[in-house]
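Open the model in your viewer and keep the selection box handy. We'll go stop by stop, picking something and then seeing what is there.

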Amino acid sequence: MAHQAHAYHMVDPSPWPLTGAVAALLMTSGLAIWFHFHSTTLMGLGMALLLLTMYQWWRDIIREGTFQGHHTPPVQKGLRYGMILFITSEVFFFLGFFWAFYHSSLAPTPELGGCWPPTGITPLDPFEVPLLNTAVLLASGVTVTWAHHSIMEGERKQAIQSLALTILLGFYFTFLQAMEYYEAPFTIADGVYGATFFVATGFHGLHVIIGSTFLAICLLRQIQYHFTSEHHFGFEAAAWYWHFVDVVWLFLYISIYWWGS
Amino acid sequence: MYYKFSGFTQKLTGSAPTAAYSPQGLRPGVPAESPAMIFATPTKVVSEAGSMVEYLGANRVPDLQRLFQTSDGIPIHLKRGVPDRLLYRTTMALTVGGALYCLVALYFAAQPRNK
């Protein structure tokens, strides 16, 4: 803005951190109320508030960056650090679940039959749908890179098409994984095998949905001319997140689906 | 009429006699007079079509930049006027109402269950 003598962004006062915090309170208390009193009202209220907060907070960031020009190079650098640190925290999140898997599978207890997969578990064939899923995510990594280059080269139509293709591949993965979940011969309650399998792949699936949503927002923004060939950090952040999701899947596939079968 | 296979798609296209497809390597003699070859008008490339062509909508970013940069002191989350205010008030109502509902629910949940 014209009145500041520095390149940093002094944000307008905003109500969204408060509404987000209250949403977290309502969701957690609502979870407890659901467990003990079978009512989902409080939790539902919390989720609605969370969605409203996310929508308005990120809408405001788009306004501040794209329409008001506050995202100068130093500000953008801060945003980059922020996204990298967030993704790093997610890496540690998944690391925990991989730790749990390897803890149980490297030294299977006598209760499991002393073997992995445990006695009575028929694991999924890693060379069927899981392999297709791997191909789908790898292909989506290619298309998102294609989208990035299209944006950098000012190719509007190609950027839109490749980004749309990336999102479609993401949806295809989610659909295939949902089918696998439905058809799986074991459940989350089937001992430590089921628990590690569904918690690790389940959280991964959630991250695929989040990543697809982020990319879909970027598609809408690209259509509305928000991105320039020099400045499109929102897209880069979405692409980083998507690559992270892809890498987590590769680790899941190698460890749980392939080695663990 | 002479033909060749086009470079990328390998489709049959018209050609000058000297560039024509001759698999046996026999160069055809240059005809006395080759008829004028008329090809269908190629489709226009978007970049040649002029500035009025748009793909999936026109660019409204400059207008939005003007709107959001008016110095009226209104904070960013209300700058668009009525729709922003509606959404903000709904969110705040849910926040305050929800927080109170939560405290009440937790108060009741904390009561001992008498057997």
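A word on the database labels first: UniProt positions are given here in the numbering used for this model, feature names are shortened, and annotations may be inferred rather than shown by experiment. With that in mind, select residues 4-261 of chain A, where an unreviewed UniProt entry places the feature "domain: Heme-copper oxidase subunit III family profile".

Before going further, note that this is a predicted model, in which local features need pLDDT of at least 70 and side-chain atom pairs count only at pLDDT 80 or more, while totals for chains, interfaces and linings use all residues. Residues are numbered from 1 along each chain as its sequence is written, chains are lettered from A and ligands numbered from 1 in the order in which they are written, and side-chain values use heavy atoms, with hydrogens and water left out.

**Stop 1: chain A on its own**

Switch to cartoon view. Helices (H or I, at least four residues) and strands (E, at least two) are DSSP runs, numbered from the N terminus. By that rule chain A has seven helices and zero strands. The C-alpha trace of chain A spans about 70 × 45 × 30 Å along its principal axes. Your 4-261 selection is 76% helix and 0% strand, with its end C-alpha atoms 61 Å apart.

Now colour the "transmembrane region" spans that the unreviewed UniProt entry lists for chain A: 16-35, 41-58, 79-102, 129-147, 159-179, 191-220 and 240-260. Zoom in on 16-35 of chain A: this span is 100% helix, and its end C-alpha atoms are 28 Å apart. Then try 159-179 of chain A, also 100% helix, with 30 Å between the end C-alpha atoms.

**Stop 2: two backbone oddities**

Most residues other than glycine have a negative phi, and most peptide bonds are trans. Select His38(A), which has a positive phi of about 60 degrees although it is not a glycine. His38(A) is in the loop between α1 and α2 of chain A. Next, pick Trp116(A) and Pro117(A): the peptide bond from one to the other is cis, with omega near 0 degrees. Pro117(A) sits in the loop between α3 (73-106) and α4 (129-152) of chain A.

**Stop 3: where the two domains meet**

Colour chain A by domain, with 1-69 as domain 1 and 71-256 as domain 2; these bounds come from an automatic or database domain assignment. The centres of the two domains, taken over C-alpha atoms, are 24 Å apart. Ten residues from domain 1 and six residues from domain 2 make the contact (heavy atoms within 4.5 Å).

How much area do domain 1 and domain 2 of chain A bury between them? About 710 Å², 66% of it on carbon and sulfur atoms. Buried area here is the accessible area (1.4 Å probe) that two parts lose on being put together, summed over both. Show Ala7(A), Ile62(A) and Thr66(A) as sticks: they supply 47% of the area that domain 1 buries against domain 2, more than any other three residues.

**Stop 4: over to chain B**

Show both chains. Here 36 residues of chain A are in contact with 32 residues of chain B. Chain A and chain B bury about 3,000 Å² between them, 72% of it on carbon and sulfur atoms. On the chain A side, select Arg63(A), Phe67(A) and Tyr225(A), which supply 22% of the area that chain A buries against chain B, more than any other three residues.

Keep Arg63(A) selected and add Asp84(B): their side chains meet in a salt bridge at 2.7 Å, N to O. The pair crosses from helix α2 (residues 41-67) of chain A to helix α2 (residues 82-109) of chain B. A salt bridge means a side-chain nitrogen of Lys or Arg within 4 Å of a carboxyl oxygen of Asp or Glu. Across the interface of chain A and chain B there are two salt bridges, while a search of the whole structure finds six over all chains.

**Last stop: the chain B span**

Finally, select residues 86-110 of chain B, listed by UniProt (unreviewed entry) as "transmembrane region". This span is 96% helix and 0% strand, and its end C-alpha atoms lie 36 Å apart.
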